[in-house]
Amino acid sequence: MDLAVRCHDLRKRYGDVVAVDGLSLDVRRGECFGLLGPNGAGKTTTIEILEGLLAPDGGEVEVLGFRWDTHERELRQRLGIQLQETQFTDKLTVEETIRLFRSFYDRGKTIDELLSIVELESKRRSWVVKLSGGQRQRLSVACALVGDPDLLFLDEPTTGLDPQARRQLWEVLGRYRASGGSVLITTHYMDEAQVLCDRVAIVDHGRVIAEGSPKDLITSLAAPKVIVQEGTLEDVFMSLTGRHLRDD
Amino acid sequence: MRKTVKGSDPVGPVSRGGAFHPLVELTLARLREFVREPEAIFWTFFFPIVLSIAMAIAFPASGSTPVRVGVEPGPASEPLRQALSGSKDITIRDVSAADELRALRDGEVHLIVVPSTPPAYRFDPAREESRVARLVVDEALKRAGGRPEPWTAREDRIAVPGSRYVDWLVPAIISLGIMNNGIWSIGFMTVTARLRKLLKRLAASPMKKSEFLMAPMLSRLVFLGPEVAVPLAFVAIAFGTPIRGSIVNIAAIAVLGAFAFGSIGLLVGSRARTFEAASGLMNATTVPMWVLSGVFFSSSNFPDAVQPVIQALPLTALVDAMRGVILEGATLAGVWDEIAILSAWTLVPFVIALRIFKWR
């Protein structure tokens with residue numbers, strides 16, 4: 001099978017804290033794969049290892065068929081990466097920020113195309129500091145899409161956004177997926193995973209505790225519910241761990 | 001599915017979708033960030049002018065400053081006053097006996113004359129002005145006391161533009177600006193980008209790290225012209241400071257100085273994670289050079305043993321080269337040693353910064 005990401009028995013610890021504890025997963029070409037789990041489950045550590053930003057203590061990683069230690073240059077050109085908490089320069093405009101990132105790539109979309117994909121044409125001359133949270137996240141995604149990536153990594157892209165801003169971002173991802181790209185996304189919003197992902201892996205304490213399509217997981221694992229209401233991935237997590245995904 | 005690209009050469013011509021070469025875009029980003037901070041503009045252009053004016057007032061361009069001599073108030077010191085008041089090189093101040101030490105310490109007076117026979121001088125011989133005051137006062141008193149002069153030397157008093165303190169100071173203040181703007185602006189922008197996780201995001205892109213580090217140095221060049229020309233033009237017009245070297249040579253030295261301090265700024269900001277840590281490092285780098293590099297007083301005041309260290313400092317090299325080309329009209333060959341030192345300070349910190357730079 002042609003895989004966008006293959007990772008096997010990944011391990012990473014920070015001092016005494018084990019962040020990733022023998023995690024394995026495969027992302028197929030063209031699919032949207034979700035990493036689900038509560039804060040501190042090891043999602044961000046895992047995705048940063050796959051992005052080549054952290055070195056694992058053990059395990060194997062192949063991305064688009066390449067390994068990081070031998071093909072970093074090729075991989076950087078072909079991946080789109082959105083990180084948690086990146087703050088772009090306050091006093092650059094949206095267009096200037098996208099231009100800067102576009103200049104690093106040997107091929108990809110034009111700046112106008114990118115502005116239109118993330119629906120920021122009207123904000124092209126606004127300083128980053130003036131953007132709303134949702135607009136900033138769409139700018140971040142635009143900067144991840146500049147090189148026409150084969151694989152897009154998104155680390156909690158909708159955390160803290162209001163429902164409308166989340167839906168706008170989902171639409172942007174829908175447009176990217178329609179062009180055939182693969183996505184690996186982390187989230188702790190179950191409804192988001194149900195809408196976006198073809199398959200999900202539920203991560204807890206640094207390992208995968210369940211994997212499959214959202215629908216299959218719900219059918220097999222969600223506790224029986226009142227007839228009128230369908231089970232959700234939240235119920236799947238509850239039945240696996242006895243805990244809620246978020247403590248709110 | 002897309003064709004797999006093997007090897008490092010991109011397939012087909014590079015297209016940047018309307019953007020320029022990454023080095024140009026990175027440099028433009030730095031420039032935009034800089035010009036959109038009004039404070040930065042003030043420090044770059046007005047600070048050297050303000051400092052030059054202040055210096056010109058404190059150290060007048062022509063004539064000598066009278067020495068300030070403290071004398072106890074009261075009738076006992078009246079003969080002293082009379083003897084001293086004949087000299088226009090002496091300013092007399094009333095200083096009570098209880099206040100003498102404070103007045104000397106604060107530089108309010110350079111010397112105290114105690115009325116006795118013969119009079120006593122109270123001063124700190126470690127202070128140059130006090131030693132001068134002693135000679136001036138001694139001569140005035142002895143002359144008033146009727147000392148016969150064996151002979152009187154003819155005095156050729158000169159005030160040549162270029163040899164005054166203000167002239168000597170200006171190239172150094174311009175150099176100081178190049179140092180401060182290089183180290184502080186580059187150091188702070190780097191730490192800001194690290195704190196905002198922007199460095200981490202850039203490291204996740206195919207951006208070449210060496211280009212990222214070169215961009216702030218190139219962006220410095222754009223403002224270097226006005227940064228050097230504005231204060232230089234100001235003192236040339238206001239004080240008649242001669243500019244004897246060619247503009248090309250002055251520009252070449254300024255560029256090299258900007259590169260050296262840009263490179264040092266990158267090294268200073270290469271690992272700091274907080275503004276406090278960065279400020280500490282930048283002060284530790286710049287403050288010793290303010291003192292040692294002969295900006296406000298000649299570095300030959302320091303002992304011979306430390307001279308090799310002082311001469312190897314980048315600010316010493318820049319100040320000496322600037323004075324050479326501006327005041328003496330030296331050619332680049334004439335300041336070759338300084339050029340070699342500044343080149344080393346450009347290359348070595350840059351290479352180290354590239355290796356130890358923290359992107360997260």
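**Exercise 1. A pair of strands**

How many bridges join strand S1 (residues 3-14) of chain A to S2(A)? Find them in the model, which is a predicted one.

*Solution.*
- Step 1: Follow S1(A) and S2(A) along their directions; the two strands run antiparallel.
- Step 2: Count the links between these strands, and you reach nine bridges.
- Step 3: For a landmark, look for A:Arg13, which faces A:Val18 in S2(A).

**Exercise 2. From a pair to a sheet**

Work out which strands are the edge strands of the open sheet in chain A.

*Solution.*
- Step 1: Write down the strand order of this three-stranded sheet, S2-S1-S4 in chain A, with antiparallel pairing.
- Step 2: Ask which strands pair on one side only: these are S2 (17-28) and S4 (58-63) of chain A, the edge strands.
- Step 3: Check how neighbouring strands of the sheet are turned against each other; ignoring direction, the average is 15°.
- Step 4: Add the helix. H1 (residues 43-50) of chain A lies across S1, S2 and S4 of chain A, and H1(A) runs at about 125° to S1(A).

**Exercise 3. The whole of chain A**

Decide how the radius of gyration of chain A fits its length of 248 residues.

*Solution.*
- Step 1: Take stock of the elements: chain A has nine helices and nine strands.
- Step 2: Compare the two values. The radius of gyration is 18 Å, close to the 18 Å that the globule rule gives for 248 residues, so chain A is as compact as a globular protein of that length.
- Step 3: Add the box: along the principal axes, the C-alpha atoms of chain A fill roughly 50 × 45 × 35 Å.
- Step 4: Look inside, where 47% of the 248 residues of chain A count as buried.

**Exercise 4. The core**

Find which helix gives the most residues to the largest nonpolar core.

*Solution.*
- Step 1: Locate this core of 137 residues; A:Leu50, A:Phe153 and A:Leu184 are among those with the most contacts inside it.
- Step 2: Now turn to chain B, where helix H6 (residues 165-195) gives the most, with 16 residues.
- Step 3: Zoom in on A:Phe153, whose partners include A:Ile47, A:Leu50, A:Leu79 and A:Leu184.

**Exercise 5. Where the chains meet**

Describe the side of chain A that touches chain B.

*Solution.*
- Step 1: Count both sides: 32 residues of chain A contact 31 residues of chain B.
- Step 2: Find the largest share on the chain A side; H3(A) supplies it, with five residues.
- Step 3: Sort the chain A side by type, giving 10 nonpolar, eight polar and 14 charged residues.

Notes:
Residues are numbered from 1 along each chain as its sequence is written. Chains are lettered from A and ligands numbered from 1 in the order in which they are written. This is a predicted model: local features need pLDDT of at least 70, side-chain atom pairs count only at pLDDT 80 or more; totals for chains, interfaces and linings use all residues. Two residues are in contact if their C-beta atoms, placed from the backbone, lie within 7 Å. Helices (H or I, at least four residues) and strands (E, at least two) are DSSP runs, numbered from the N terminus. Ala, Val, Leu, Ile, Met, Phe, Trp, Tyr, Cys and Pro count as nonpolar, Asp, Glu, Lys and Arg as charged, and the others, Gly among them, as polar. A nonpolar core is a set of buried Ala, Val, Leu, Ile, Met, Phe, Trp, Tyr and Cys residues joined through C-beta atoms within 7 Å. A residue is buried if 20 or more other C-beta atoms lie within 10 Å of its own, exposed if 12 or fewer, and partly exposed in between; C-beta atoms are placed from the backbone. The radius of gyration is taken over C-alpha atoms; the globule rule is 2.2 Å times the number of residues to the power 0.38. Two strands pair if DSSP finds at least two bridges between them. Axes are lines fitted to C-alpha atoms, for helices over the stretch in contact, and angles run from 0 to 180 degrees between N-to-C directions. Lists of a residue's contacts leave out its neighbours within four places in sequence.
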